[in-house]
Amino acid sequence: MTFSLKHFTARSMKIAALALAISLPLSAHAHRQWLLPSATVLSGSEAWVTVDAAVSNDLFYFEHFPLRLDGLVVTGPDGKPLQAVNAATGKYRSTFDVQLSQPGTYKIAVVNNGVFASYKIDGQQKRWRGSADALAKEIPANATELKVTQMNSRVETFVTAGKPTTAALAPTGTGLELVPVTHPTDLVAGDTATFQLLLDGKPAAGVEVELVPGGIRYRDKLLDTKLKTAADGKFSVKWAGPGMYWMEASAADQKTTLPQATQRRATYIATIEVLP
């Protein structure tokens, strides 16, 4: 297979842009990753949801990049993985369907564990993003000033058919995860909800959490809320109004599993619906 210089340059620029976006805190740029289900609370024994997945400036609008589905994981009400169907990726969004064949709560997530590296070749700055297994093969032997960051990211949403359940909400113990004290599909405007963040299964203290209501395109202000987790990893929020909300939190430490990595960055993102 042969590649033109034009193809190679465009591909290199895209990889560099994506790597740079991931290496920066989300607050430093406008691009937000998200999953958006067609509904979060359903009834009936044969319900379906369609989920959109994208990266955009305005929340829940398709105008930048699709969110890739390589790490898609659907967990059913019994805590076991399920297969999504009809998956497709277009210019601005990915989409897939989930059949809610069991009563209870489903967790739908895109989980990625990768590596971001920056280095120099003959004084020229280079960036690379990929899997941990490919790191040693892809970084040239003559690279200098190598800096490697291990990344754990989780983008998720929740859907309930009938009565809410909790088996699907159990944490995996890897990266930054949300443990709902208040059930994530039982949120009502005017009420106060409590959640807990865990980092590798342990309470994540002092982590900043940002909440942004959807509809950014139609207002002048972001209307975001910023909170910090307590020593037990918990935080509470009183919902100002109904609608879809985007939640984001990130944490950095030196608990890497790669000998080349000097830092680990864990990111958690969720879309939740607050009902009237």
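Reader: Looking at strand S13, which residue stands opposite Val179?

Author: Gln196 in S13 stands opposite Val179. Before we go on, this is a predicted model, where local features need pLDDT of at least 70, side-chain atom pairs count only at pLDDT 80 or more, and totals for chains, interfaces and linings use all residues. Residues are numbered from 1 along each chain as its sequence is written, and side-chain values use heavy atoms, with hydrogens and water left out.

Reader: What makes S12 and S13 a strand pair?

Author: Strands are DSSP runs of E with at least two residues (helices are runs of H or I with at least four), numbered from the N terminus. Two strands pair if DSSP finds at least two bridges between them. Five bridges join S12 to S13 (residues 192-199), and the two run antiparallel, so they meet that definition.

Reader: Why is S12 called mostly covered?

Author: Five of the five residues in S12 (residues 176-180) are buried, a term for under 20% relative accessible area (exposed is over 50%, partly exposed in between; 1.4 Å probe, protein chains only). Leu176, Leu178 and Pro180 point one way, Glu177 and Val179 the other way, and all are buried.

Reader: How many aromatic pairs does a search of the whole structure find?

Author: The search finds five. Rings of Phe, Tyr and Trp (its six-membered ring) pair if their centres lie within 6.5 Å; planes under 30 degrees apart are stacked, over 60 edge-to-face, and the rest tilted.

Reader: Why is the pair of Tyr61 and Tyr218 called edge-to-face?

Author: Their centres are 5.9 Å apart and their planes are at 75°, so the pair fits the edge-to-face class. Tyr61 is in the loop between S3 (47-56) and S4 (65-66), and Tyr218 in the loop between S15 (208-213) and S16 (225-228), so the contact ties together parts 157 residues apart in sequence. Tyr61, at 23% relative accessibility, counts as partly exposed, whereas Tyr218, at 62%, is exposed.

Reader: And what makes the pair of Phe195 and Phe235 tilted?

Author: Their ring centres are 5.7 Å apart with planes at 40°, so this pair is tilted. Phe195 belongs to S13 and Phe235 to S17 (residues 234-238), so parts 40 residues apart in sequence are tied together. Phe195 is buried at 0% relative accessibility, and Phe235 is buried at 4%.

Reader: How do you know that the charged end of Arg93 sits over the ring of Phe62?

Author: A charge sits over a ring if NZ of Lys or CZ of Arg is within 6 Å of the ring centre and within 35 degrees of the ring normal. Arg93 is 4.4 Å from the centre of the Phe62 ring. Phe62 also belongs to a cluster linked by ring pairs, with Trp34 and Phe60. Likewise, Arg217 lies over the face of Tyr61, at 4.3 Å from the ring centre.
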